[in-house]
Amino acid sequence: MERTYASSSSGDKASLSAIRSVRVIPLQHPSPTKAVGPPAPPLLERISTRLRGMSADEWLSGLLPCSRWMRSYKWREYLQADLMAGATVGVMLVPQAMSYAKLAGLHPIYGLYTGFVPVFIYAIFGSSRQLAVGPVALVSLLVSNVLGSIVDSSSELYTELAILLALMVGILECLMGLLRLGWLLRFISHSVISGFTTASAIVIGLSQIKYFLGYSITRSSKIIPLITSIIEGIHDFSWPPFVMGSIFLAILLIMKHLGKSGKNFRYLRAAGPLTAVVLGTLFVKIFRPTSISVVGEIPQGLPSFSIPRGFEHAKSLISTAVLITGVAILESVGIAKALAAKNGYELDSNQELFGLGVANICGAFFSAYPSTGSFSRSAVNHESGARTGLSGITMGVIMGCALLFLTPLFTDIPQCALAAIVISAVIGLVDYDEAIFLWKVDKKDFLLWVITSITTLFFGIEIGVLVGVGFSLAFVIYESANPHVAVLGRLPGTTIYRNILQYPEANTYNGIVVVRIDAPIYFANISYIKDRLREYELNASSDRGPDVGRIYFVILEMSPVTHVDSSAVQALKDLHQEYRDRGIQIAIANPNRQVHLLLSKSGLIDLIGKEWYFVRVHDAVQVCLQHVQNVIGKTTGASSNETMPRRPSGLLQSLLKQESVPESLSMHEPLLRENIV
């Protein structure tokens, strides 16, 4: 059913003596006392109902995600690819695990332990089929940075705290997965992550340069102490480890580049770390150079079950555990989602968090320090053709074989070879391409990247993360408190209203301002929105000339407004009263169901008047134009063309003649049906 508005004026009888009727789509108003629907059941009841409705397969898939790919495993198609990919990444993992353990300040054996048990556990409980879990450079640096300030790295307590940290990180990840709190990390922007990773990569590279130089340097996560220590110890510089390390680094970078250049050479990328370790070990065994430091004796055999110790220090590790959890989740879940999209299956982020948490908890009982998904190894796993979690199980088998049979061979691995492996891995983390992209696209995000990078380099990892996240949240709050508000005009020949800055040809009308609010309205942004409305009113009034002289109507297009809180409702009431005192009427167009219901409950609909709520902006403009026409006719006896739009002439007449608008444009279903509200 349509609302019909009649218009007449005492002006020019030739054009306005006839009564014009304007057809407007009716907006169905909800009753504040009318129930919207049955009340929602309590949370526990909804969870209980959902659990009771799950089938046995759904239970199995939820508890053991590996069952999803096991049930549909295609042996002839997948088996060879999974075994080859797992073997390739396993060969890459063994030397990397020892290198990252050294970076963490631990004995290399703990890197091997971290690449053993968590790999098996994640293959069972993790939802990604290509993610390669184990020790990574960034987490190793965080472990070294925090534990080094608590206890000496040569003490047994240092190792105990690293293992305890794995347990704490695992518990946090499990809790976040079970409570579905992964959304919290969405507030950390990509520019913060990129800036933090870039700075951390530089710190990691400088911390490993000591194995190239042949002398010890200060353990620190700040760039100034590292550079100062390197310069002060330059008199102890030794050429043999520098030359050997540089050669290994060159070999690794060349093999990595060749591995990325084509499918025929992709295995070179994975074989690089093993090549450096084998060549370095052969050189030491043959020539026995005294100036080249080696790894030393590594225990043989699988890790034994043991309960983590050092719980009296757990309180001092909470902040670090939270930081490592955040970094690990951002790295792992991001990689896992990208790989899932490439391989055509869905990934549950919360299930992924739970899988990583269980892997860390179980690893802590077998002497592992915190582990997470590795970008480089996951990329190699994907490129090598991994199809399911069987590739991860294969990695674990290779690591187990290395622990059982190969550790005597690792005794003579040069330290500079392991350092070269770490440096070659973190070079790819220096994301200068992202900085260039941000500079071109968004200066604000570029500033965020620079702030995070510089703060991390000069003030340490914890401060860098806190400052980066703080600025990121500040930008989010600023954008939320200062939303985009646009003045709309009608596109010629249509009933569509768009931003006049984006579409300069759009027509606006004397006496009327149409404003679109592109955000929820709540206590933090209502003052800004009111300021913008006053500004648009004043600007529009000063630009109208003698036709009208002032604004009579402000139309609020509210389709983008998803939420309105009590503060906003009160502010709208105040604004209505302010406008009313100055002879201005508010009209509201196209509020969504929840906003419409809240406005009804608050009494704002009755306060403004139900006749001033519309389905479309076009309907509101038609009605307001007629009222402006009446005002002009009564006060000035003006002719009907005195409310002409600013461009082009004659548009008012065509607007008021409904025959000129196609029926498909002027007739639509009401916004809210009675049976909904």
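Here is a short conversation about helix packing in this predicted model.

Me: Why are H5 and H18 called oblique to each other?
Reply: Helix H5 (residues 75-103) and helix H18 (residues 390-406) pack at an angle of about 45°, and their axes are 7 Å apart. Angles under 35 degrees count as roughly parallel, and those from 65 to 115 as roughly perpendicular. The value for H5 and H18 belongs to neither class, so the pair is oblique. Their crossing is right-handed.

Me: Which residues make that contact between H5 and H18?
Reply: From H5 they include Leu79, Asp82, Leu83, Val89, Leu93 and Ala97. H18 contributes Leu390, Ser391, Thr394, Met395, Ile398, Met399 and Ala402.

Me: What makes up the contact of H5 with H18 by class?
Reply: There are 14 nonpolar, 4 polar and 1 charged residues. Asp counts as charged, and Asp82 of H5 is one of the contact residues.

Me: Why are H5 and H17 called roughly antiparallel?
Reply: H5 and helix H17 (residues 375-383) pack at about 165°, with axes 9 Å apart. An angle over 145 degrees counts as roughly antiparallel, so H5 and H17 get that name. This crossing is right-handed. In H5, residues including Ala85, Met92, Gln96 and Tyr100 meet Ser376, Arg377, Val380 and Asn381 in H17. The contact of H5 with H17 divides into 6 nonpolar, 5 polar and 1 charged residues.

Me: What makes H9 and H15 oblique?
Reply: Helix H9 (residues 156-178) packs against H15 at about 60°, with the axes 8 Å apart. Roughly parallel needs an angle under 35 degrees, and roughly perpendicular runs from 65 to 115. The H9 and H15 angle meets neither condition, so the two helices are oblique. H9 passes H15 in a right-handed crossing. Among the H9 residues in the contact are Leu161, Met168, Glu173 and Met176, while H15 offers Leu317, Thr320, Ile324 and Ile329, among others. The contact of H9 with H15 has 15 nonpolar, 2 polar and 1 charged residues.

Me: How do you know that the span of H15 is close to the expected one?
Reply: Helix H15 (residues 314-343) has 30 residues and reaches 40 Å from its first C-alpha to its last, against 44 Å expected at 1.5 Å a residue.

Me: Where is the kink in H15 centred, and what follows the helix?
Reply: The kink, of about 30°, is centred on Thr320. Thr320 is also among the H15 residues that meet H9. After H15 comes Gly344, with a positive phi near 75°.

Note on methods. Residues are numbered from 1 along each chain as its sequence is written. This is a predicted model: local features need pLDDT of at least 70, side-chain atom pairs count only at pLDDT 80 or more; totals for chains, interfaces and linings use all residues. Side-chain values use heavy atoms; hydrogens and water are left out. Axes are lines fitted to C-alpha atoms, for helices over the stretch in contact, and angles run from 0 to 180 degrees between N-to-C directions. Helices (H or I, at least four residues) and strands (E, at least two) are DSSP runs, numbered from the N terminus. A crossing is left-handed if the near helix is turned anticlockwise from the far one by less than a right angle, and right-handed if clockwise. Contact means heavy atoms within 4.5 Å. The expected span of a helix is 1.5 Å times one less than its number of residues. The bend at a residue is the angle between axes fitted to the seven residues ending there and the seven starting there.
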